[in-house]
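Visitor: I am new to this kind of picture, and I would like to learn how to read it feature by feature. Could you begin with the basic vocabulary?

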Amino acid sequence: MSILTDPQRLALCRHLAGEAITTSELARRTGMSAPQVSRHVGRLRDAGLITSARDGRLVYHRLATDVVMRLGFDLMGAILR
C-alpha cells in the first residue's frame, strides 16, 4: 500500500495504533507541524486506515486496526515496529 511508504505517515500510524490522539498532540509527539499532520491524517483517513471523532473543538484520530488487520498481519507488524 503506497500510502504507507511515507515514513511520516507510518510514524503517525504507530502513534495511533494504541490510542486516540489529537492533531496537536500528534504534532508534538512527531515534531511535525499541525498542518503537516493534518495533511497526512487526511490522506490516511481517505484511505480508510484511520478514523476521526470530534469531541467539542478537538478531533481525535485512531488507527482503524480492523481495516489494517484485514490488509494483512505483515502490514500491522510493520506499523507496530
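Guide: Helices (H or I, at least four residues) and strands (E, at least two) are DSSP runs, numbered from the N terminus. Here the protein has five helices and three strands, and from the N terminus on the elements run α-β-α-α-β-β-α-α. This is a predicted model, in which local features need pLDDT of at least 70 and side-chain atom pairs count only at pLDDT 80 or more, while totals for chains, interfaces and linings use all residues. Residues are numbered from 1 along each chain as its sequence is written, and side-chain values use heavy atoms, with hydrogens and water left out.

Visitor: How many bridges join strand 2 to strand 3?

Guide: Two strands pair if DSSP finds at least two bridges between them. Strand 2 (residues 50–55) and strand 3 (residues 58–63) run antiparallel and are joined by six bridges; one bridge links Arg-54 to its partner Val-59 in strand 3. Two residues lie between the strands of this hairpin, where Gly-56 takes a positive phi near 70 degrees.

Visitor: What radius of gyration does the protein have?

Guide: The radius of gyration is taken over C-alpha atoms, and the globule rule is 2.2 Å times the number of residues to the power 0.38. For 81 residues a compact globule would have a value near 12 Å, and the protein agrees because its own value is 12 Å. Along the principal axes, its C-alpha atoms fill a box of roughly 35 × 25 × 20 Å.

Visitor: What percentage of the residues count as buried?

Guide: Buried means under 20% relative accessible area (1.4 Å probe, protein chains only), and 36% of the 81 residues count as such.

Note on methods:
Buried means under 20% relative accessible area, exposed over 50%, partly exposed in between (1.4 Å probe, protein chains only).
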